[in-house]
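User: I am new to this structure. Please take me through the terms used for it.

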Amino acid sequence: HQPFRYGEDWAVGIPLIDSQHLRLFEMIEDLRLAVVSHADPAIVTKVLKGLVDYCGDHFECEQMLMQTVEFPGYNNHYGLHQEFTDQALRWFAEHQRGKLDLTIVLHALMEWLVT
C-alpha cells in the first residue's frame with residue numbers, strides 16, 4: 001500500500017474545510033501504516049474512533065456551509081455523508097468484534113476520496 005497524500009489539488013479554498021480534509025488524509029495514512037506494520041489493535045481502534053468522530057464534526061460543518069450558500073447539490077451530498085458515516089460506524093463495530101479487514105477499509109476510503 002502506497003501513501004495517499006493530501007495536495008493542493010484537494011483543496012476547496014475554505015481553510016477550515018481544507019484543514020479537516022487534511023486530517024482525513026492523515027487518518028487514512030495512520031490506518032495504512034497500521035496495516036503495513038501489523039499494529040496493535042488498540043491503535044486501529046483509536047484511528048477508527050477518530051474517523052467516526054471526524055464524520056460527525058466535519059460533515060456537520062460542511063453541511064452548514066453548504067446550506068449557508070444554498071449549495072445546489074446539498075441533498076445528494078448530505079446523503080453521501082450519511083452513507084459514509086453509517087459505513088464508518090459499521091467498520092468500527094466490525095473491528096470491535098475482530099472481523100474487520102483493514103485493506104478493504106483502506107480501499108473504500110481511497111475510493112471515497114476520488115469520487
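What follows is a short exchange on helix packing, salt bridges and confidence.

Analyst: This is a predicted model, where local features need pLDDT of at least 70 and side-chain atom pairs count only at pLDDT 80 or more. Residues are numbered from 1 along each chain, and side-chain values use heavy atoms, without hydrogens and water.

User: What makes α3 roughly antiparallel to α4?

Analyst: Helix α3 (residues 74-96) and helix α4 (residues 102-114) pack at an angle of about 165°. Angles over 145 degrees count as roughly antiparallel. Therefore α3 is roughly antiparallel to α4. Their axes, lines fitted to C-alpha atoms over the stretch in contact, lie 12 Å apart.

User: Which residues of α3 and α4 meet?

Analyst: From α3 come Leu-80, His-81, Phe-84 and Trp-91. From α4 come Val-105, Ala-108, Leu-109 and Trp-112. Contact means heavy atoms within 4.5 Å. Seven of these residues are nonpolar, one is polar and none is charged.

User: Why do Glu-26 and Arg-23 form a salt bridge?

Analyst: The term requires a side-chain nitrogen of Lys or Arg within 4 Å of a carboxyl oxygen of Asp or Glu. For Glu-26 and Arg-23, the closest N and O atoms are 3.5 Å apart, so the pair fits the term. The two residues are three apart in helix α1 (residues 15-36), which means about one helical turn separates them. The whole structure has three salt bridges.

User: Which elements have the lowest and the highest mean pLDDT?

Analyst: α4 has the lowest (89) and α3 the highest (95). pLDDT is the predictor's confidence in each residue, from 0 to 100. The chain averages 91, and 97% of the residues score at least 70.

Conventions. Axes are lines fitted to C-alpha atoms, for helices over the stretch in contact, and angles run from 0 to 180 degrees between N-to-C directions. Helices (H or I, at least four residues) and strands (E, at least two) are DSSP runs, numbered from the N terminus. Angles under 35 degrees count as roughly parallel, over 145 as roughly antiparallel, 65 to 115 as roughly perpendicular and the rest as oblique. Ala, Val, Leu, Ile, Met, Phe, Trp, Tyr, Cys and Pro count as nonpolar, Asp, Glu, Lys and Arg as charged, and the others, Gly among them, as polar.
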